[in-house]
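Biologist: I would like to go through this model and ask what stands behind each label. Please show it first.

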Amino acid sequence: MLRLLCHAFAGSVLCGLLALTGGLPQGAQAQEVMLADGMADLRFTLRGQEIVIARNQDPDAMLTGDFARVSRACPPFCIQPMTPVPGVATVGELDLFAFLRDKASAGTGVLLDARLPEWFAKGSIPGAVNVPFATLDPANPYRNDILEALGGKPVAGSPGAFDFSEAPDLMLFCNGAWSDQAIRALQALRDAGYPAEKLSYYRGG
């Protein structure tokens, strides 16, 4: 069984979560620390793998390491607006859970971690795909390939234009409210024509 410790959910109330793949340990059904009232854990299957997200049951658990650092110099680590990209919904933890359960697991949505690969390697939200914000910059010669991988279809006769009408819903996140990486990725997607109603921003990180 693989475990992703709570510090992978930096800067949000998700701190303290323990993500498990392959099911919960025997006896873990009687949880006292639940995700929400009436919701002990979240279980879904994504790309053939069962994922379970549950709170750490140790009431004295604390964060350590880089993910606990919240006092960084601004700029560049400045508090971001609640709604940084016009038309893109900002969501919370329960919305994230519903997205994973109802859309990501059904193949109609993709959770994108917009952080750099080295941060993704340290830990991420279960089910997330790493698409670093810089790869969506128009200056990236492979950007169009990424947009196609995200479901965009090139518009014939219009170089650089894409049709995203059949593309999946995307939810993006980065390192939390003091990071702008997801915001930069969202803005790049909007500039490329991705519909705002297909995008959402998990600000918690």
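Modeller: A disulfide here is a pair of cysteine sulfur atoms within 2.5 Å. Keep in mind that this is a predicted model.

Biologist: What makes cysteine 74 and cysteine 78 a disulfide?

Modeller: The S to S distance for cysteine 74 and cysteine 78 is 1.8 Å. The cut-off is 2.5 Å, so the pair qualifies. By this rule the count comes to one disulfide. The link of cysteine 74 and cysteine 78 is right-handed, with 100° about the S-S bond.

Biologist: Why is cysteine 74 called partly exposed?

Modeller: Its relative accessible area is 48%. Partly exposed covers what lies between the buried limit of 20% and the exposed limit of 50%, so cysteine 74 belongs there.

Biologist: And cysteine 78, buried or exposed?

Modeller: Cysteine 78 has a relative accessible area of 19%. Buried means under 20%, so cysteine 78 is buried. Cysteine 174, at 2% relative accessibility, also counts as buried because it is under that limit.

Biologist: Why does glycine 176 count as buried?

Modeller: Its relative accessibility is 1%, which is under 20%, so the label follows. Glycine 176 sits in the loop between S10 and H4. Its C-alpha is 8.8 Å from that of isoleucine 79, although the two are 97 residues apart in sequence.

Biologist: How do you know that serine 200 is buried?

Modeller: Its relative accessible area is 9%, again under 20%, so serine 200 is buried. Serine 200 lies in strand S11, residues 199-202. Leaving out residues up to four places away in sequence, serine 200 touches Val88, Ala89, Val91, Leu170, Met171, Leu172 and Leu186.

Biologist: What is the C-alpha separation of serine 200 and aspartate 95?

Modeller: It is 9.9 Å, with their positions 105 residues apart along the chain.

Biologist: Which residues of the largest nonpolar core touch the most other members?

Modeller: They are Leu136, Leu170, Leu172 and Leu189, out of 27 residues in that core. Helix H3 (143-149), strand S10 (169-173), helix H4 (181-191) and S11 each give two or more residues to this core. H4 supplies the largest share, six residues. Another core, of 19 residues, lies apart from it and has Leu46, Val91, Phe99 and Ala104 among its members.

Biologist: What is leucine 172 in contact with?

Modeller: Setting aside neighbours within four places in sequence, leucine 172 is in contact with Leu112, Ala182, Ala185, Leu186, Leu189, Ser200, Tyr201 and Tyr202.

How values were computed. Residues numbered from 1 in each chain as written. Predicted model: local features only at pLDDT ≥ 70, side-chain atom pairs only at ≥ 80, totals over all residues. Heavy atoms only, no water. Buried < 20%, exposed > 50% of the residue type's maximum accessible area, 1.4 Å probe, protein only. Helix = DSSP H or I, 4+ residues; strand = E, 2+ residues; numbered from the N terminus. Contact = heavy atoms within 4.5 Å. Core = buried A, V, L, I, M, F, W, Y, C linked by side-chain atoms within 4.5 Å.
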